Amino acid sequence: MPYERQEIAPERISQQLDICQQIRNLRAGKASLAFVDTYGCQQNEADSEKLRGYLAAMGFSFTDNEAEADVIVVNTCAVREHAEMRILGNVGSLNHTKKAKPEQLICLCGCMVQQAHMAEKIKRSYPLVNLVFGPHELWRFPELLLRVMTKKGRVFSAAPSDGVVAEGIPAVRDRSSVKAWLSIMNGCNNFCSYCVVPYVRGRERSRRAEDILREAKQLIDSGAKEITLLGQNVNSYGKDIPGGPDFADLIRMINALDGDFLIRFMTSHPKDATEKLFRTMAECEKCAHQLHLPVQSGNDRVLHAMNRYYDRAAYLEKVALARHYMPDLVLTSDIIVGFPGETDEEFEDTLNLVREVRYDALFTFIYSKREGTVAAKLPDPFTRADKQRRFDRLVEEQNRISAELHAAYVGKTLRVLVDGRVPGREGELSSRTSGGRLVHLTAAPELIGQWAQVRITGSNTWALYGTPENREE
Ligand code: SAH
Ligand code: SF4
């Protein structure tokens with residue numbers, strides 16, 4: 001029964017928690033350190049918090065050092081080949097740690113291993129891996145791990161059923177962080193022709209609003225000051241729950257919760273971004289005026305071949321509408337360079353769209369062929385070097401625009417949320433404006449976790465620099 005919504009009954013999650021207790025008893029007296037290694041998107045980060053939640057219930061503490069870990073869980077990504085190669089390389093290198101520590105259990109989960117050919121490859125060529133499970137089976141990780149621990153064989157489980165909605169899995173979050181991920185839906189229905197996500201994450205299913213609100217309240221109560229709502233296409237939130245709130249309604253409901261926090265979200269598919277959403281963002285004082293609206297290409301033929309369901313003009317109209325409601329909007333996007341058959345002229349359309357829109361920042365990718373997708377069968381006459389040349393031009397153009405937009409902040413005073421230290425830069429803290437721009441501060445570490453008013457004194461392509469004016473309580 002693939003593609004059917006399948007709500008996991010609360011008793012079944014309780015059973016998994018009982019199994020956690022069983023594992024705890026089984027391992028009593030043994031060292032129990034776990035390493036959860038996460039690749040890919042924020043949805044995976046959120047999933048890893050749940051893996052840690054289960055592991056903590058089994059009695060594990062956490063380490064970032066794979067050599068000392070008793071259990072390693074690699075939460076994988078399949079969006080581009082580059083990520084897969086890196087993961088396979090790193091898993092291969094675990095041979096050393098496992099030799100030194102033969103009891104070590106190595107688990108692979110997430111999108112990469114949901115692909116049958118990848119699961120097969122692991123089975124054949126990576127005998128050190130003990131457990132493989134797909135994203136739809138995360139909720140029963142304890143049961144699968146117990147099987148590995150007791151039967152001493154390898155376990156492979158990547159069922160094709162993909163409508164799972166599981167509530168009540170405990171999560172272990174980074175307690176020092178004031179930022180929290182909140183997954184509101186899972187899966188994708190769009191089948192963009194280049195993308196593997198719908199095949200590995202399944203169809204869209206939304207969590208119920210009451211469950212989301214309960215989790216949002218818990219996050220705020222435990223100190224979160226920034227909540228990022230996650231989904232592959234948050235704009236279609238609720239379409240699968242007739243009579244329930246849509247995404248804009250959900251933002252309004254979260255905005256009404258008590259507390260001083262900021263709401264962010266990603267990702268928005270342009271075809272489903274509505275005027276109601278932009279109006280709601282403008283009206284909800286806790287909602288950041290920040291939109292990640294991936295365009296992918298500026299050329300109509302390519303957009304059609306990508307199966308994106310909008311053309312350049314429709315996209316530009318949405319951007320204008322969003323900016324009409326939020327003149328201070330911070331806008332970012334994803335672009336794929338070198339989609340099969342994309343010509344130099346078609347790429348120029350992307351470049352001039354970028355010049356026209358003037359994004360605050362861009363995430364740029366060279367097309368990566370994904371097995372099983374429609375685009376994988378298209379002729380692709382351009383070389384990697386052709387694509388790299390286009391890619392470099394795009395990045396250069398965007399860097400220039402980002403630097404110009406950043407320079408315009410200098411002299412302004414902005415409210416930021418201070419989120420941590422800048423690694424390797426003594427005395428510098430990092431913070432974000434409500435639009436999500438990075439601001440480096442020279443300030444005392446007590447400011448971490450606080451809102452602050454900051455005067456911007458400098459800028460470059462990637463960041464702003466500032467000094468705190470006063471501290472907000
Ligand atoms: N659901 C989100 C994004 C998911 S993947 C959305 O639709 O916006 C994140 C980004 O990876 C995509 O926006 C796209 O730009 C890029 N991407 C996805 N598949 C890719 C592929 N096969 N090759 C290169 N980039 C890809
Ligand atoms: Fe992939 Fe398109 Fe779905 Fe995004 S909307 S996850 S790019 S298929």
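How many salt bridges does the rule find across the interface of domain 1 and domain 3? In this predicted model, the rule finds one. The pair is Glu84 and Arg370. Their closest N and O atoms are 3.2 Å apart, which is inside the 4 Å limit for a salt bridge.

The salt bridge belongs to a protein divided into four parts: domain 1 (10–157), domain 2 (180–270), domain 3 (289–407) and domain 4 (413–471). Between domain 1 and domain 3, the contact takes six residues from domain 1 and four residues from domain 3. The C-alpha centres of these two domains lie 35 Å apart.

The two domains bury about 490 Å² between them. Carbon and sulfur atoms account for 44% of that area. On the side of domain 1, the greatest losses of area to domain 3 fall on Arg80, Glu81 and His117. Together these residues supply 73% of what that side buries.

Polar contacts were also counted across this interface. Three residue pairs are in polar contact between domain 1 and domain 3, with both residues of each pair at pLDDT 80 or more. The residues of domain 1 that touch domain 3 comprise three charged, two nonpolar and one polar.

Cysteine pairing was examined next. A disulfide is a covalent bond between the sulfur atoms of two cysteines. A search of the whole structure finds zero disulfides. Two cysteines of domain 1 illustrate the result. The sulfur of Cys77 has its closest cysteine sulfur in Cys41, at 6.5 Å. The cut-off for a disulfide is 2.5 Å, so the sulfurs of Cys77 and Cys41 are too far apart for a bond. Cys77 is buried, with a relative accessible area of 9%.

For Cys107, the closest cysteine sulfur is that of Cys109, at 7.9 Å. This distance is likewise too far for a bond. Cys107 is buried, with a relative accessible area of 1%. Both Cys77 and Cys107 therefore fall under the 20% bound for buried residues.

How values were computed: Residues are numbered from 1 along each chain as its sequence is written. Chains are lettered from A and ligands numbered from 1 in the order in which they are written. This is a predicted model: local features need pLDDT of at least 70, side-chain atom pairs count only at pLDDT 80 or more; totals for chains, interfaces and linings use all residues. Side-chain values use heavy atoms; hydrogens and water are left out. Domain bounds come from an automatic or database domain assignment. Contact means heavy atoms within 4.5 Å. Buried area is the accessible area (1.4 Å probe) that two parts lose on being put together, summed over both. A salt bridge is a side-chain nitrogen of Lys or Arg within 4 Å of a carboxyl oxygen of Asp or Glu. A polar contact is a pair of N or O atoms within 3.5 Å; within protein, one must be able to donate a hydrogen and the other to accept it, and residues adjacent in sequence count only if both atoms are side-chain atoms. Ala, Val, Leu, Ile, Met, Phe, Trp, Tyr, Cys and Pro count as nonpolar, Asp, Glu, Lys and Arg as charged, and the others, Gly among them, as polar. Buried means under 20% relative accessible area, exposed over 50%, partly exposed in between (1.4 Å probe, protein chains only).
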